[in-house]
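Let's walk through this fold together, one question at a time. Have the coordinates open and follow along.

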Amino acid sequence: MCGIVGYIGPRDATPIILSGLKRLEYRGYDSAGIAVLQDGKLHVRRDAGKLNRLLTLVEEKPLNGHLGIGHTRWATHGEPNARNAHPHMGATGEVVLVHNGIVENFLALREELAAEGVEFKSDTDTEVIVHLVERYLSQDVPLEEAARQALGHLHGHHGVVMISSREPDKIVAARIGNAGGVAIGFGEGEMFVASDIPAILEHTRKVVFLESRQMAVVSRAGMTLQTLEGEALDYTPDTVSWDPVAAEKGEYRHFMQKEIHEQIRSLTDTIAGRVDFEEGRILLPQLNLTEDFARRIDRIIIIACGTAAYAGMLGKVLIEKIARIPVEVDIASEFRYRDPIITPDTVVLAISQSGETADTLAAMAEGKARGATLWSIVNVIGSQAMRISDGYISMQSGPEIGVASTKAYTAPLVDQYMLAVLLADLRGVISAEERKALVAELARVPDLAGQALAREPEVAKVAEALKDISHCLYLGRGVNMPTAYEGALKLKEISYIHAEGYPGGEMKHGPIALFDESMPVIVLAPRDPWVDKMISQIEQTKARRSPVVAVATEGDEVVASLADHVLWVPEMPWMLSPVVTVIPLQLLAYHIAVLRGLDVDQPRNLAKSVTVE
Ligand code: AGP
C-alpha cells in the first residue's frame, strides 16, 4: 500500500524519510521517491522498483536539507516507472507533493488544466493536484490556501502532503475521506508526517491523526489545524505506545476495525496499475494470459477455503455473466479428494489471502497434476500459492493481521471483476462500449466503500440491539448471496453467535421453520436485479415475527417501512455491489463482538493461516 513520510526540523531530512519509508516497505509498493528542499530549491529523486534503487540514486546524487517528503507507491494511473513515481512536481518547480488515493475526476481535471496550457509530465492522476495547487499559488496566496482550493476540486478519498520552496518553513498535509490515515508526529523542535505510525515511531510517540476534511500546517515548532472549509480547530495529541503492534493499529482499537476501514485504501491499491481508465482496459500482466489461451479456456474452477471461497462464489457469477466462461467453485478440501474432471484448457484459480493454506495448496497441486493451468489471487507476496501458479493477481491489500478476514475478502471481488472484463475482452464477447462502461465503474468503488464506512455509528447502534442474540440467519440472492455467507461467517467467527448464510430462494425449503421472535434475519436487499424478491422475503419473514435487519440502498422507502433496522449502503453498480454490501456486515459483527467483550483480533480456536489439513 502507498506510504507517506515527511520531515521538517534541524536534522537532515533524507535519512529520516528513507528509514520511515523502509519501515512501510512490508506493505508493498512498486516505486518510491523523495523530495528535499536543498539550497532553496526542491530536488526530487524517484525510481520504479524497490527502495534500494532509490537509496542508490540518493547515494549517487545526495540530497541534504531540513524539509522533505517521501512516498512508496502502488501505481493506480500509469505504469510503475520513474516519471509516474511520487513526489510530483509542478511546472514552476516550486511545489512538490505526494498522494494516496484516486482522483476519480482526473480526466475532466486534466482536460481543464490542459486547456489552460498545462503540460503533463506523467500519466498519473496525482499530477493534476500539483498543477491545481500551482494555479492558486500564482495568485500569491499561502500554500495552505492554494492547497485548500485545489483539494476542493477532487472527487474521491485522499491523503495529500506537500511542500513549497516559496515557504520553506512548512509542510501542508490534508486528508479527505479515508485513503489511509495522515498522522502528524510531534518532536522537540521538529515535526513528522506519516501515513502510518510505524514510519515515525522511532522519533516520536505524540501524534495527531487527521480526520476527514482536515488540513494541518506543520512547522518546526508545531502545527495548526483547520477544516478544508478554513475553520480553525483545536487538537490534543494522542500518545501512542512504543509497542509496534499498538502503533500499527494507529487510531483504531483493533486490527479488524482498522482493516475494515483500510478497505478504501486496499481497494484503491488492488485496482492500482491494473486499469487504464482512459482506454477502458484491464491490465493483469502477472497472469501471463494470451488471447489464444483466453479463447481456449473451457472452464474455470475456483478453489479456496472460508472467506476466500465466498469471494470465489461472486467470481463465478461475474465471470459467467461478463466473460461467458463456465465457472465452478469448489471448497479446496473437497476438490483435492474429488477426482475432478480437468482438460488441458481448464484453469484452476486459487484464492487465498495467505497463499499458504494447506488445503488450497493441495488442491492446486491436484489441479496441476491433472494438467490444468494454475492461476491464483493472493495477498501475501512470494507465498507458496503465488510461486507455484502459472499466473497470479496480487491483491495488493497490505498485511491483514485480524484473524477474521475483511479487506482480503473485498479485494478478490474486485480482482475477479477485472479478470472477467479482461477475459471478455480477449475472447471478444463484449463491445468496446460495454468494456469501457464496466471499467469506468471501478473508479467509484473506493469512494462507495467509504460512504458505507461512514455509517459505522449507525451500524454500532444496530449491534447494540442484536448483541444478546443466540442465532441469526443471513439471506442473499444473486451477486449478494455470497455476501450472506460471508456476513454470517464474520459473526460466528468473532462473536461466537450461531449464524448461517443462505440463498434467499432456499428460505422456504427449510430455514423458515426456525422463524420466530428469537431468530433475527439479516436480508441483503440492495437495489440490484433481485431486490423485489428480497423485499418479498422480508415480508414473509416479518409475517413469522422474526426481526429483520435489511442491508438496503439509501432512499429505499419500501425496505425502510418493512424492516426493523436498516443498514444503508449507497446506490452502486450492481455487479460491484458486494464489495460495499459486506461492509456493514463486517462492522456489525465487529461491534457485536466488542460489545460482548471478546477478543476480536484473535478469536478462539482460529488461526490466521491454516497450514495443516
Ligand atoms: C476468514 O475470516 C477466515 N479466518 C478463514 O475462513 C480464511 O478465509 C480461510 O482460512 C482461508 O484463508 P486464506 O485466504 O489465507 O487461504
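Q: Across which strands does helix 21 lie, and at about what angle does helix 21 run to strand 27?
A: This is a predicted model, where local features need pLDDT of at least 70, side-chain atom pairs count only at pLDDT 80 or more, and totals for chains, interfaces and linings use all residues. Residues are numbered from 1 along each chain as its sequence is written, and side-chain values use heavy atoms, leaving out hydrogens and water. Helix 21 (residues 577-595) lies across strand 23, strand 25, strand 26 and strand 27, where contact means heavy atoms within 4.5 Å. Axes are lines fitted to C-alpha atoms, for helices over the stretch in contact, with angles from 0 to 180 degrees between N-to-C directions, and the angle to strand 27 is about 130°.

Q: Helix 18 lies across strand 23, strand 24 and strand 25; at what angle does helix 18 run to strand 24?
A: Helices (H or I, at least four residues) and strands (E, at least two) are DSSP runs, numbered from the N terminus. Helix 18 lies across these three strands, and its angle to strand 24 is about 175°.

Q: Which strands stand at the edges of the sheet?
A: Five strands form an open sheet with parallel pairing, in the order 24-23-25-26-27; two strands pair if DSSP finds at least two bridges between them. The edge strands each have a single partner, so one side of each is left without a neighbour in the sheet: they are strand 24 (498-503) and strand 27 (565-569).

Q: What is the bridge partner of Tyr 474 in strand 25?
A: Strand 23 (residues 471-476) pairs with strand 25 (residues 521-525) in the parallel sense, over three bridges. In strand 25, the partner of Tyr 474 is Ile 522.

Q: Which helix supplies the largest share of the shell around the ligand?
A: Two helices each supply at least two residues of that shell, helix 10 (306-323) and helix 18 (481-495). The largest share is three residues, and they come from helix 10.

Q: How far is a polar side-chain atom of Thr 357 from an oxygen atom of the ligand?
A: A polar contact is a pair of N or O atoms within 3.5 Å. An N or O atom in the side chain of Glu 493 is 2.7 Å from a ligand oxygen. For the polar side-chain atom of Thr 357, the distance to a ligand oxygen is 2.5 Å.

Q: Which peptide bond is cis, with omega near 0°?
A: Look at the loop between strand 4 (67-73) and strand 5 (88-89), where Pro 87 is found. The cis bond runs from His 86 to Pro 87.

Key. Polar contact = N/O pair within 3.5 Å; in protein donor to acceptor, adjacent residues only side chain to side chain.
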